[in-house]
Amino acid sequence: MTNRKVFIIKGYSKSDDENEVDTYYVNAYKDFFLSNAGGGYFNSEIEVLTEPTSKSLNISLEKEKLEFGILVYIGHGANQESNQIFKLNETEIIKAGQFTLNCDKQIVILESCRVKSENILTVDLEDKIPKFEKGGIFRIPLNTEQCREIYNSHIKRCEKGLMICFPCRVGEMAYNFIYSKAMIQNAMDWHLDSSRHCAILPIDELTRLAWPETIIAAEGLFGVQQFPSSDGDMNFPIAVSKF
């Protein structure tokens, strides 16, 4: 069995409203990864850390050797001297890149530098029944064991490396979790497409799907520019097809 894990880090929330929105997206990411769409992770393979200290965070991330890991940061951040910083708790600000997992293949998803947080942009994670095609025939959905096997097999074929996904470019602001909504929703919609069979959605492809939606939403909702960016171009798995 592939030794893999997801860490979701909820940083400092300045108000009850912020905490509500932050918690919603912590749960949205967790629910996605627990689902077959997100690779069928077990509860034991997902760890949520809420406003941890830098010391406890470092201990959690280094405590075990993994084959594959995903690290999700949710909270306040900014760009400073070309470094992405993250408000971990009320008293500590860190460079998000200084904390990585003890593994050779990993994804870091950073959702920080919030400007608006009073409204929750909801994500639809409902596992919908497919429409009948070709006379009412459709494939039987993959079960969790099959999804895990497909996901794990792809991990083993990937080269070693690190992929970091940013919600915006240096000097821009990230607005109201529109990037995370685009990432999770696109992954879920891809999973539900009945034309795909035993397929994997890699993280580099997902970022390309999410970029235009983030850009359009930022312009349409807030009248600003927000262009997601990434460091690395790895094909690590992020979603599995339903069939």
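Mentor: Before we begin, two rings of Phe, Tyr or Trp (for Trp, its six-membered ring) pair if their centres lie within 6.5 Å, and the pair counts as stacked with planes under 30 degrees apart, as edge-to-face with planes over 60 degrees apart, and as tilted for the rest. This is a predicted model, in which local features need pLDDT of at least 70 and side-chain atom pairs count only at pLDDT 80 or more, while totals for chains, interfaces and linings use all residues. Residues are numbered from 1 along each chain as its sequence is written, and side-chain values use heavy atoms, with hydrogens and water left out.

Trainee: Which residues form one aromatic cluster?

Mentor: The structure holds nine aromatic pairs in the sense just given. One aromatic cluster is formed by Phe 32, Phe 33, Tyr 41, Phe 68, Tyr 151 and Phe 236.

Trainee: How are the rings of Phe 32 and Phe 33 placed, stacked or edge-to-face?

Mentor: A pair of aromatic rings is described by the distance of the centres and the angle of the planes. For Phe 32 and Phe 33 the centres are 5.4 Å apart and the planes stand at 65°, so this pair is edge-to-face.

Trainee: Is Phe 33 buried or exposed?

Mentor: Here, buried means under 20% relative accessible area, exposed means over 50%, and partly exposed lies in between, with a 1.4 Å probe and protein chains only. The relative accessible area of Phe 33 is 1%, so Phe 33 is buried.

Trainee: Which residues have the most contacts inside the largest nonpolar core?

Mentor: A nonpolar core is a set of buried Ala, Val, Leu, Ile, Met, Phe, Trp, Tyr and Cys residues joined through side-chain atoms within 4.5 Å. The largest such core has 51 residues, and its largest share, eight residues, comes from helix H4 (residues 178-192), where a helix is a DSSP run of H or I of at least four residues, a strand is a run of E of at least two, and both are numbered from the N terminus. A second, separate core of 19 residues includes Ile 9, Leu 57, Ile 94 and Phe 166. In the largest core, the residues with the most contacts are Tyr 25, Phe 33, Ile 70, Ile 203 and Ile 238.

Trainee: What is the volume of the largest cavity?

Mentor: On a 1 Å grid over the protein atoms alone, a cavity is a set of points where a 1.4 Å probe fits but cannot get out, and its lining residues have an atom within 4 Å of a point. Grid points are joined across faces, edges and corners, and the volume is the space filled by probe spheres set on them. The structure holds one cavity of 30 Å³ or more, and its lining includes Phe 32, Phe 33, Met 183 and Ile 238. The volume of the largest cavity is about 60 Å³.

Trainee: Over the face of which residue does Arg 4 lie?

Mentor: A charge sits over a ring if NZ of Lys or CZ of Arg is within 6 Å of the ring centre and within 35 degrees of the ring normal. Arg 148 lies over the face of Phe 42, at 3.7 Å from the ring centre. At 4.0 Å from the ring centre, Arg 4 lies over the face of Tyr 41.

Trainee: What is the phi of Asn 176?

Mentor: Most residues other than glycine have a negative phi. Asn 176 lies in the loop between strand S8 (161-166) and H4, and with a relative accessible area of 4% it is buried. Although Asn 176 is not a glycine, its phi is positive, at about 50°.

Conventions. 1 Å grid on protein atoms, 1.4 Å probe; cavity = no way out; pocket = protein on both sides within 12 Å on 5 of 7 lines; lining within 4 Å.
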